[in-house]
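Student: I'd like to take a close look at one part of this protein. Could you walk me through it slowly?

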Amino acid sequence: MPRLIPFLAVLLFSTGAAAQDIAGTYRLIGTTAKFEGGGEEKYSDETGYIIYGRDGRMMVLLVRGKRPRPESLEKMTDAQRVQLFKTVTAYSGKYTFDGKTVTHHVDVSWNEVYNGMNLERHVTRAGNRVMLTTAPSRRSSDGKMGVRTLTFEKVD
């Protein structure tokens, strides 16, 4: 048993260190999409943040494109609501990070489809920037298969 205690301590602290390694608040500075069969798109009309807490929880809020600005909550139209919904991504949950891949374990989302999903992102770094690359998936707007890389800059 005494030999087991140091092993468990190393395991516990190394797991915690990996989660701490990505902790912080990051601002989105750009997104690139690369499609199967060639083609690439860069998006500059997006903004948002992703937060990785030291407690193992994460939250992301991203908005993109030209979004309507309703006159007021009371006068917002259904068409404006639809457009606002279609141009936002927001979810939260626990996360795990092994130093190369971060997995978002979604428990609440702007879109119920994502609740309960595990979203993996490959992580690369350059200075105070973190690049999160998605697994190949279909783009909802046109069905194109590709991967997206979101580049974030640490703000704290």
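Student: Let's zoom in on one ring: does Tyr 95 count as buried or exposed, and at what relative accessibility?

Tutor: Good place to start, and keep in mind as we go that this is a predicted model. Tyr 95 counts as buried, because its relative accessibility is 5% and the cut-off for buried is under 20%.

Now look at what Tyr 95 is doing in there. Together with Tyr 26 and Tyr 52, Tyr 95 forms one aromatic cluster. Let's take that cluster pair by pair. Tyr 26 and Tyr 52 meet edge-to-face, with 6.3 Å from centre to centre and 70 degrees between the planes. Tyr 26 belongs to strand E1 and Tyr 52 to strand E3 (residues 46-52), so this pair ties together parts that are 26 residues apart in sequence. Tyr 26 is buried, with a relative accessible area of 3%, and for Tyr 52, also buried, the value is 3%. Tyr 52 then pairs with Tyr 95, again edge-to-face: here the centres are 4.9 Å apart and the planes make an angle of 65 degrees. That second pair links distant parts of the chain, since Tyr 52 sits in strand E3 and Tyr 95 in strand E5 (residues 88-97), 43 residues apart. Across the whole model, the count comes to three aromatic pairs.

Next, slide along strand E1 from Tyr 26 to Arg 27. Arg 27 forms a salt bridge with Glu 153, and their closest N and O atoms are 3.2 Å apart. This one also joins distant parts of the chain: Arg 27 is in strand E1 (residues 24-35), Glu 153 is in strand E10 (residues 145-154), and 126 residues separate them. Unlike the buried tyrosines, Arg 27 is partly exposed, at a relative accessible area of 31%. There is a third partner too, as Arg 27, Arg 129 and Glu 153 are linked in a network of salt bridges.

Strand E10 has another residue worth a look, Thr 151. Thr 151 is buried, with a relative accessible area of 17%. Leaving out residues up to four places away in sequence, Thr 151 touches Arg 27, Leu 28, Ile 29, Gly 30, Arg 129, Val 130 and Met 131. Two members of the salt-bridge network, Arg 27 and Arg 129, are among the residues that Thr 151 touches.

The search of the whole structure finds eight salt bridges, so let me show you another one for contrast. Arg 81 and Asp 78 have their closest N and O atoms 3.1 Å apart in a salt bridge. Both are in helix H2 (residues 78-86), three residues apart, or about one turn of the helix. Arg 81 is partly exposed at 39%, while Asp 78 counts as exposed at 58%.

There's a charge-and-ring arrangement to find as well: the charged end of Lys 144 sits over the ring of Phe 35, 4.9 Å from its centre.

Finally, how far can you lean on all this? The mean pLDDT of the chain is 87, and 87% of its residues reach 70 or more. Confidence is highest in strand E6 (residues 101-109), at a mean of 98, and lowest in helix H1 (residues 4-21), at a mean of 47. Over residues 4-17 the pLDDT is below 50, and this stretch has zero contacts in the model beyond near neighbours in sequence. Where pLDDT is low, the predicted coordinates shouldn't be read in detail.

Terms used:
Residues numbered from 1 in each chain as written. Predicted model: local features only at pLDDT ≥ 70, side-chain atom pairs only at ≥ 80, totals over all residues. Heavy atoms only, no water. Salt bridge = Lys/Arg side-chain N within 4 Å of Asp/Glu carboxyl O. Helix = DSSP H or I, 4+ residues; strand = E, 2+ residues; numbered from the N terminus. Buried < 20%, exposed > 50% of the residue type's maximum accessible area, 1.4 Å probe, protein only. Contact = heavy atoms within 4.5 Å. pLDDT = per-residue confidence, 0-100. Phe/Tyr/Trp six-rings, centres within 6.5 Å; stacked < 30°, edge-to-face > 60°. Lys NZ or Arg CZ within 6 Å of the ring centre and 35° of its normal.
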